[in-house]
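Biologist: Please take one part of this protein and go through it closely. I would like to know where that part sits among its neighbours, and what the protein around it is like.

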Amino acid sequence: FTGDAFGFGFEDAEVRARVQGFDAGNGWNFRFERDNCLGLDFETAALPTVAFGPASLELCAPNDLLFVQQGSAFFGGFLTEAMDVPFYTGFASGSISLQNPQIIWRYDDALDLELAGDTLMIPMRLAIEEDGRAAHFRSEFATTALATDENGLNVSFDLTDNDASLEDLPVDIEVAEIQGSGHAGAGGLNIDYSILGALFTDGMNEPINAYYQPLVLNGTGELSAEGISLDGRLRLSDQTAFIGDVSAIHWFSSNRGSAVLENGALTFEAGGLQLHHLSERLRGLAVNAEGALLPAAQFSWQDGVIESTGQVDVDELSFDTFRLGRLNGLSGTLNFTDLIGFRTAEAQRLTLDEFRFTPTLVLTDGVADVSLLGPDGFSLEHAEWPFVGGRILIEPTIWNFDEPSQMVIIEADEWDLHSLLGLFSLNDLDIAGRASGRFPIEIVGANAYLRDAFLRSIEDGT
């Protein structure tokens, strides 16, 4: 058979069955002969936006009952061990497989069909060409309802315990539930859907060394033949912390899209949200945090190439570090040129109200120019604080988080020696004059060692 039936356009369809029919007085019933099922083969079963096939299915019926007639209506059901049907659209091709599918159907001027089963799997490529990016979707349990009308097909679905992957995407995705409903017909495809509990985790590193902690997204969107959109809210999985509102869209024909994150606010406080809740790599490096981070991000992609930028406003952030002491009142804006790669532009200006390097050495009103080089370190390009009538400066350095030791060179610039002596409460000693010098400090673990430090007079004194 080639032609239209039940809302589909069939090409080379064939149905095979050995059945027995009988009239019980209120309509015909048809049963399969013992140990027989219905064979359904088709080259293509097409809707306006998606086509299925070629496929060969073996469909059995509960109690061998093919269908029952009641008045003008016919209804029945089918069972099979597995179903595997290829599909292709304008933006993807693949196959749909379902274990233990159960089909309940009814026909009375229009076809209503419900399909449920275990372990739905949809491997696909996101372009028809052989070199298109591979993607995979799996659902532990799936239910779908289809109903034909004069304009096409009404669709609804409910998918639970899902996961998805995309070639070269360094993210693992699990989704608790996806629901949707809409229509496919001559006017195109229009599906409204919702996502509940989409969990995003670092797909490149073990949890103990993850770049970022698991994130959860809940949202709603629209699917059409032209593209797919999503609007939702992103938060940390293990915390109530709200990261921001997400809005994304992807266009199938041009294989491009964009996404933005905005309105985010992360507030740190004792006993609450801490920096290691954002990244496992900050655990132990920055603790006892207080203050706020306000993130924003922009993403765009074309043919699988992703660009990401972002901004993080740092608002009075304070924390203890494993090697450097306590930083209080850190503020500024970090502009990311590669947010996924955790890289910023050069010379990002930050101000620091107070830097407690040791209990007795406290620096105030500092400024620093930094750039992030990735998840493993940063570049300190310039830093200075006013100190005893002069300045303390830190020479440019690259700081690697994983290095067991780090050298930091502090410059003394025109220190007033009388003010310097006043820091140590030596009442029986006085000194006058000004001096400059250099203090190389090697930081090993939690210890700091002066290496070949010197301080030289730059004017006469006493």
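Modeller: The protein has 36 strands and one helix, in a model that is predicted. The part to look at is strand 19, which covers residues 215-224. On one side of the pairing list is strand 18, residues 188-202. Strands 18 and 19 run antiparallel and are joined by nine bridges. One place to find this pairing in the structure is Ile191, which stands opposite Leu223 of strand 19.

Strand 19 also pairs with strand 20, residues 227-236. These two strands run antiparallel as well, again with nine bridges between them. Here Leu215 has Leu236 in strand 20 as its bridge partner. Two residues lie between strand 19 and strand 20, and the two strands form a hairpin.

Now for the protein around this part. Its C-alpha atoms fill a box of roughly 120 × 40 × 30 Å along the principal axes. The radius of gyration is 33 Å, whereas a compact globule of 462 residues would have one near 23 Å. Of the 462 residues, 39% count as buried. The exposed area is about 24,700 Å², and carbon and sulfur atoms supply 54% of that area.

As for contacts, take those between residues at least 6 apart in sequence: 45% of them join residues at least 24 apart. Among the side chains, 72 are negative and 23 are positive. The centres of these two sets lie 6 Å apart.

Methods:
Residues are numbered from 1 along each chain as its sequence is written. This is a predicted model: local features need pLDDT of at least 70, side-chain atom pairs count only at pLDDT 80 or more; totals for chains, interfaces and linings use all residues. Side-chain values use heavy atoms; hydrogens and water are left out. Helices (H or I, at least four residues) and strands (E, at least two) are DSSP runs, numbered from the N terminus. The radius of gyration is taken over C-alpha atoms; the globule rule is 2.2 Å times the number of residues to the power 0.38. Buried means under 20% relative accessible area, exposed over 50%, partly exposed in between (1.4 Å probe, protein chains only). Contact means heavy atoms within 4.5 Å. Accessible areas come from the Shrake-Rupley method with a 1.4 Å probe; for residues, only the protein chains shown count as cover. Lys and Arg count as positive and Asp and Glu as negative; His and the chain ends are not counted. The place of a charge is taken as NZ of Lys, CZ of Arg, CG of Asp or CD of Glu. Two strands pair if DSSP finds at least two bridges between them.
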